[in-house]
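The exercises that follow are meant to be worked through with the sequence and the structure side by side. Please try each task before reading its solution.

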Amino acid sequence: MNTSIASSRRSGNPLWRPAIGLSLFGLFGTGLVYAVLATCLSGALFPAQADGSLIRDAVGQVRGSLYLAQPFAGDGYFQTRPSAANYDPMAAAGSNMARSNPDLVKRVSEATAAVAAREKIDPATVPGDLVTQSASGLDPELSPAAVQVQIQRVAAARGWPEARVQALVDAQTEDRQWGVFGQPRINVIALNRALDQAAHAP
């Protein structure tokens, strides 16, 4: 028999006491205290991000999140990627279709034709991220090329010079993460918000 177990039994110190103590520490120490401290600290240091990076209108009504794609109606807005989840955060998912799936090939072909007609460009020049779905179905970002082909339509719909829209696009363009990871990208939610703010600016 293990000598430590035998000595614990002889000394009248049951083994269940440290086991319960460790369980209570895990439950309250890491499950409660740590969670409360982390929540309070993140809320104090990063209030907007901790709140979900919510976007509110002039009266404080929540209109979305900076990091969740949503559809935009009207030619005066940049359009985001298609969504297999219909832009529903509670159903975030991709289509899970293989590239060889005939339904996927048909959908991408139809989407390419629709984007080409909407932007008045050659179907061969339609950027891939305008006709493909992200893994989550909620990716709010596009490549600069996918935004660039929409500038003429957005400017015409708003009655603005293209240079004005281009300046907003340039201001919203993010470089690679830390200059190394990923690709340059533009958050379409932030860009469309900047469009509306510019429209109401004095």
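A residue is called buried under 20% relative accessible area, exposed over 50%, and partly exposed in between. The model shown here is predicted.

**Exercise 1.** Decide whether Trp178 and Phe181 are buried or exposed, and describe how their rings are arranged.

*Solution.* Trp178 is exposed, and Phe181 is exposed as well. The two rings lie 6.1 Å apart, centre to centre, with 80° between their planes. Planes over 60 degrees apart count as edge-to-face, and Trp178 and Phe181 accordingly form an edge-to-face aromatic pair.

**Exercise 2.** Classify the pair formed by Phe72 and Tyr77, and then assign each of these residues to an accessibility class.

*Solution.* Begin with the rings of Phe72 and Tyr77, whose centres are 5.6 Å apart and whose planes make an angle of 25°. Planes under 30 degrees apart count as stacked, and this is the class of the pair. Turning to accessibility, Phe72 counts as buried because its relative accessibility is 18%, whereas Tyr77, at 22%, counts as partly exposed. The count of aromatic pairs comes to 2.

**Exercise 3.** Find which arginines lie over the ring of Trp160.

*Solution.* Arg158 lies over the face of Trp160, at 5.3 Å from the ring centre. The charged end of Arg164 also sits over the Trp160 ring, 3.9 Å from its centre.

**Exercise 4.** Describe the protein chain as a whole.

*Solution.* The secondary structure comprises 8 helices and 5 strands, which follow one another along the sequence as α-α-α-β-β-α-β-α-α-α-β-β-α. Of the 202 residues in the protein chain, 29% are buried.

Notes:
Residues numbered from 1 in each chain as written. Predicted model: local features only at pLDDT ≥ 70, side-chain atom pairs only at ≥ 80, totals over all residues. Heavy atoms only, no water. Phe/Tyr/Trp six-rings, centres within 6.5 Å; stacked < 30°, edge-to-face > 60°. Buried < 20%, exposed > 50% of the residue type's maximum accessible area, 1.4 Å probe, protein only. Lys NZ or Arg CZ within 6 Å of the ring centre and 35° of its normal. Helix = DSSP H or I, 4+ residues; strand = E, 2+ residues; numbered from the N terminus.
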